[in-house]
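Colleague: Please take a close look at one part of this structure and describe it in plain terms. I would like a single connected account.

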Amino acid sequence: MTQPPDDFDPPIGTPIELEPGIRRIVAPNPSPMTYRGTNTYLVGTRELAVIDPGPLSEAHLEAILAALGPGESISHIIVTHTHLDHSPLARPLAERTGAPVLAFGGPEAGRSAVMRDLAAQGLAGGGEGIDTGFLPDHTVADGARIEGDGWQLEVIHTPGHLGNHIALAWQDVCFTADHVMGWASSLVSPPDGDLTDFMNACRDLRARDWRLFHPGHGAAVTEPGARLDWLISHRLGREDAILAALADGSATAEALARRIYTETPAALLPAATRNVFAHLVDLTGRDHVAPEGKLAVSARFHRRS
């Protein structure tokens, strides 16, 4: 399976019914990291759940409120993770509607021990940026059921893209946020992203039978199993390339990125380096490689097996 064609071009700010009980509104925040914009979902037909209200945008706030029909109201606001393109509008929407904000936790919730150590060393994440002030009204744990008027969502903790990342199961449909998308593979950038957690969560999702994925960006994923297989295979391919490069001797994450990402523009090399480092952290935890000294993005790594 390869990347799908770039043909997702929805109207921005307009609610589109995807199936009975699910509507999508795309926020006005297109970028290389967010594709056409963040997908906000409305679930239900009377008292609604809003999944990922999106970035701090007055226009998007008004679009969400304007999508409510006669007799409809918002009863729950659910945030899948605390990147700046998903969570900041939660509080303004709560103030306008009185609905509580639910999430796995604050920005550092769910972070693995190795990532906590890297953060304590001063390593900062990249990508979309963290909503550092986010605080939910209620926290939800893996396996929790969020229930509303005629709908129920199961919380699935899917760390990897971010420690506090959750997916939400609605019958045989899953709102996968940024863990599984059709237009690109998920960013995993330490210390906010943990590749070991990401791969484990992919395998957990793969063990279930899904009809459809609704991601945080881009169109619906109509072949969920195949997409998960591709994501896992893609990461394993990068792992093989890193191990092959280390067979010639120790190297830093940056040196490995330059060797592996030969067609990547220079401006994107820092992102490629961070991606390689995510793999090196995972490989270190599995005893396939080891840092020469303390685990750090600047360390040299050698192959152990």
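Modeller: D52 sits in the loop that runs from strand 4 (47-51) to helix 1 (58-66). Helices (H or I, at least four residues) and strands (E, at least two) are DSSP runs, numbered from the N terminus. The model is predicted, so local features need pLDDT of at least 70 and side-chain atom pairs count only at pLDDT 80 or more, while totals for chains, interfaces and linings use all residues. Residues are numbered from 1 along each chain as its sequence is written, and side-chain values use heavy atoms, with hydrogens and water left out.

D52 is not a glycine, yet its phi is positive, at about 60°. The residue is also buried, with a relative accessible area of 2%. Here buried means under 20% relative accessible area, exposed means over 50%, and partly exposed is in between (1.4 Å probe, protein chains only).

After this loop comes helix 1, where L65 is found. L65 counts as buried too, at 18% relative accessibility. Apart from its neighbours within four places in sequence, L65 is in contact with L93, R96 and T97; contact means heavy atoms within 4.5 Å. L65 and T97 are 32 residues apart in sequence, but their C-alpha atoms are 8.8 Å apart in space.

One of these partners, L93, belongs to helix 2 (residues 90-97), where A90, L93 and A94 are buried. Seen down the axis of helix 2, the buried residues fall within an arc of 100°, so they line one face of the helix. The arc is taken from the directions that lead from the helix axis to the C-beta atoms. An α-helix has 3.6 residues a turn, so residues three or four places apart point the same way. The cover over the buried residues of helix 2 includes strand 4 and helix 1, along with strand 5 (73-78) and strand 6 (101-103). Just after helix 2, G98 takes a positive phi of about 80°.

For another positive phi, look at D287, in the loop between helix 7 (269-285) and strand 14 (289-291). D287 is not a glycine either, and its phi is about 65°. At 47% relative accessibility, D287 counts as partly exposed, whereas D52 is buried.
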